[in-house]
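Visitor: I should like to take a close look at a single part of this molecule, namely the contacts made by its charged side chains. Please guide me through them, together with the aromatic rings that some of them meet.

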Amino acid sequence: MKPEKYIVSLSGGKDSTAMLLRLLEENRPVDLILYCDTGLEFPQMYDHLNRLEDYTGKEIIRLKASRDFEYYFFEYHPKRKNPLLDQFDGMSWPGPRNRWCTGMLKIRIVNDYLKKLRESYTLIEYIGVAADETERIKEKRYPLVEWGMTEQDCLAYCYERGFSWGGLYELFDRVSCWCCPLQGLKGLRNLYKHFPDLWQQLQTWDEATWRQFRKDYSVRELAWRFEFEKEWEARGGKLRTRAFFSALKEELAQRKQEVM
């Protein structure tokens, strides 16, 4: 029989943070806290992790892939299912059916670490899935489901203990990788407004790769849209109307013509 080791899988967001805090408050066994750093975190996330260590007195083991995002984005050349893509280097932007970044920068790294631990221990993993996300449950420990804590419950629980992520949850529904093309327009709009340096990096990457950031917009086009939204509302117009989208279409076409 191998000795047991209890592992907290910490994403750094509200759900896994609430899970960790309550596990410790209830004196449940926690032997290791694992966090996988993609290198694409908001600066506030690193502050949050440091504060969490100070608050709990527990070390957070920070794992990181040997290759960074830009290597896989620009240079890595995998075997392609589509031979038409063989001409391109790099994975470029992930999509709904190919979230390569999660696999290569997080899942693979954590699994390799856990594989070595399993040689000496029986691992019990705590996963921070909220009670209103039960469709994601597999054969692991899900304390938030056990406690009936929803995503909103988790956020309130963290706020009550002084964890605010520097206001990130007031701007974003998710506070993981800031450059994710799968996030909604709300998050991208706030990224453009509140994090201009990160937005400039996003545009630089988008203009240097072979796949557009989103199917409907490039990063530059998103910036044009967000500026046009402000102008439209300043003139008393309403968004999400047929008139707005018609005018936006004309605006984007004109902008594209100007830069050609």
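**Charged side chains and their partners**

Guide: At 54% relative accessibility, Lys64 counts as exposed, because exposed means over 50%. The model under discussion is a predicted one. Lys64 has an acidic partner, Asp37, with which it forms a salt bridge; the closest N and O atoms are 3.9 Å apart. Lys64 lies in the loop between β3 (61-63) and α3 (69-75), and Asp37 in the loop between β2 (32-36) and α2 (43-56), so the pair ties together parts that are 27 residues apart in sequence. Asp37, at 12% relative accessibility, counts as buried, because buried means under 20%. The bridge therefore joins an exposed residue, Lys64, to a buried one, Asp37.

This bridge belongs to a wider set: a search of the whole structure finds 20 salt bridges. Another of them joins Asp173 and Lys186, whose closest N and O atoms are 3.2 Å apart. This pair links distant parts of the chain, with Asp173 in the loop between α6 (151-160) and α7, Lys186 in helix α7, and their positions 13 residues apart. Asp173 counts as exposed at 54% relative accessibility, whereas Lys186, at 42%, counts as partly exposed. Salt bridges can also form a network, as they do in linking Lys14, Asp15, Glu151 and Arg174.

Arg161 has two kinds of contact. Its salt bridge is with Glu160, the closest N and O atoms being 3.4 Å apart. Arg161 also lies over the face of Tyr157, at 3.5 Å from the ring centre. Glu160 is exposed, with a relative accessible area of 63%, while Arg161 is partly exposed at 21%.

A charge over a ring is found at Arg67 as well: its charged end sits over the ring of Tyr71, 4.1 Å from the ring's centre. From Tyr71 the path leads to other rings, for ring pairs link Tyr71 into a cluster whose members include Phe69, Tyr72, Phe73, Phe74 and Tyr76. Also in this cluster are Trp93, Trp100, Trp178, Trp205 and Phe213.

The structure holds 27 aromatic pairs. In one of them, the rings of Tyr72 and Tyr76 have their centres 5.3 Å apart and their planes at 70°, so the pair is edge-to-face; the angle for that class is over 60 degrees. Tyr72 counts as buried at 10% relative accessibility, whereas Tyr76 is partly exposed, with a relative accessible area of 24%.

Key. Residues numbered from 1 in each chain as written. Predicted model: local features only at pLDDT ≥ 70, side-chain atom pairs only at ≥ 80, totals over all residues. Heavy atoms only, no water. Phe/Tyr/Trp six-rings, centres within 6.5 Å; stacked < 30°, edge-to-face > 60°. Buried < 20%, exposed > 50% of the residue type's maximum accessible area, 1.4 Å probe, protein only. Lys NZ or Arg CZ within 6 Å of the ring centre and 35° of its normal. Salt bridge = Lys/Arg side-chain N within 4 Å of Asp/Glu carboxyl O. Helix = DSSP H or I, 4+ residues; strand = E, 2+ residues; numbered from the N terminus.
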